[in-house]
Amino acid sequence: MAIEVGNIIDGTVSGITKFGVFVDLGEKQTGLVHISEVAHGYVEDINTVLKVEDPVKVKVLSVEGNKIGLSIRQTQPREEAREERPRRIQTKQSTEAFEAKMKMFLRDSNERLHDLKRNTEGKRGGCGGRRD
């Protein structure tokens, strides 16, 4: 069977790395599933999701020469109950606290620049002093 972009193929996990999974597609062809294409959610460690010799269904994303890009995630139904990240609500109090921190940072930064300029002004000129 020819491997073309968009095809869904059955394969077997042949290797696992920290960045993805190698899948044996048969006929001496191997493709790579990037870690971002393993599952719908965040995958920190692929070993918790897949093991070597696990059968998988993959979708062909790209074929460039002998490199085959695959996705397991796109063959699975999307989970409807997504875990929402809590949104940060910006209040007047948090805005004022931020403004105060920015003013303090700016003041400290200006003082440091002033000190740095004062300390380096007298050190310019090569010989260290004025010539008359």
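## A walk from salt bridge to core

Start by selecting E37 and R73, whose side chains meet in a salt bridge, N to O at 2.7 Å (the term covers a side-chain nitrogen of Lys or Arg within 4 Å of a carboxyl oxygen of Asp or Glu). This pair links distant parts of the chain, 36 residues apart: E37 sits in the loop between β3 (29-34) and β4, and R73 in the loop between β5 and α1 (92-121). Strands and helices here are DSSP runs numbered from the N terminus, with at least two residues of E for a strand and at least four of H or I for a helix.

Before moving on, a word on what you have open: it is a predicted model, in which local features need pLDDT of at least 70 and side-chain atom pairs count only at pLDDT 80 or more, while totals for chains, interfaces and linings use all residues. Residues are numbered from 1 along each chain as its sequence is written, and side-chain values use heavy atoms, with hydrogens and water left out.

Stay on the pair and switch on a surface. Is E37 buried or exposed? E37 counts as buried, at 12% relative accessibility, and R73 as partly exposed, at 23%. The cut-offs are under 20% relative accessible area for buried, over 50% for exposed and partly exposed in between, with a 1.4 Å probe and protein chains only.

**Next stop: the strands.** Select residues 8-16 and 55-64, which are β1 and β4; they pair in the antiparallel sense over 5 bridges (strands pair if DSSP finds at least two bridges between them). Pick out I9 and you'll find V58 of β4 opposite.

While you're here, click on K57 and D10. These two form another salt bridge, their closest N and O atoms 3.5 Å apart. K57 lies in β4 and D10 in β1, so the pair ties together parts that are 47 residues apart in sequence. K57 is partly exposed at 43% relative accessibility, whereas D10 is exposed at 55%.

Now add residues 67-71, strand β5, which runs antiparallel to β4 and is joined to it by 5 bridges. V60 has L70 in β5 as its bridge partner. Follow the chain round the hairpin that β4 and β5 form: there are 2 residues between the strands, and G65 in the turn has a positive phi of about 65 degrees.

**Into the core.** Where do you look for the most contacts inside the largest nonpolar core? Select V21, V23, L25, V33, V58 and L70, which have the most contacts inside this 19-residue core. β1, β2 (20-26), β4 and β5 are the elements that give two or more residues to it. A core here is a set of buried Ala, Val, Leu, Ile, Met, Phe, Trp, Tyr and Cys residues joined through side-chain atoms within 4.5 Å.

Centre on V21. Setting aside neighbours within four places in sequence, V21 is in contact (heavy atoms within 4.5 Å) with V13, G15, G31, L32, V33, V38, I46 and L50.

**Last stop: the helix.** Jump to α1 and select D115 and R118, a salt bridge with its closest N and O atoms 2.5 Å apart. They are 3 residues apart in α1, so about one helical turn separates them. D115 is partly exposed at 33% relative accessibility; R118 is exposed at 52%. That brings up the total, which is 3 salt bridges in the structure.

Finish on F105, also in α1 and exposed at 55% relative accessibility.
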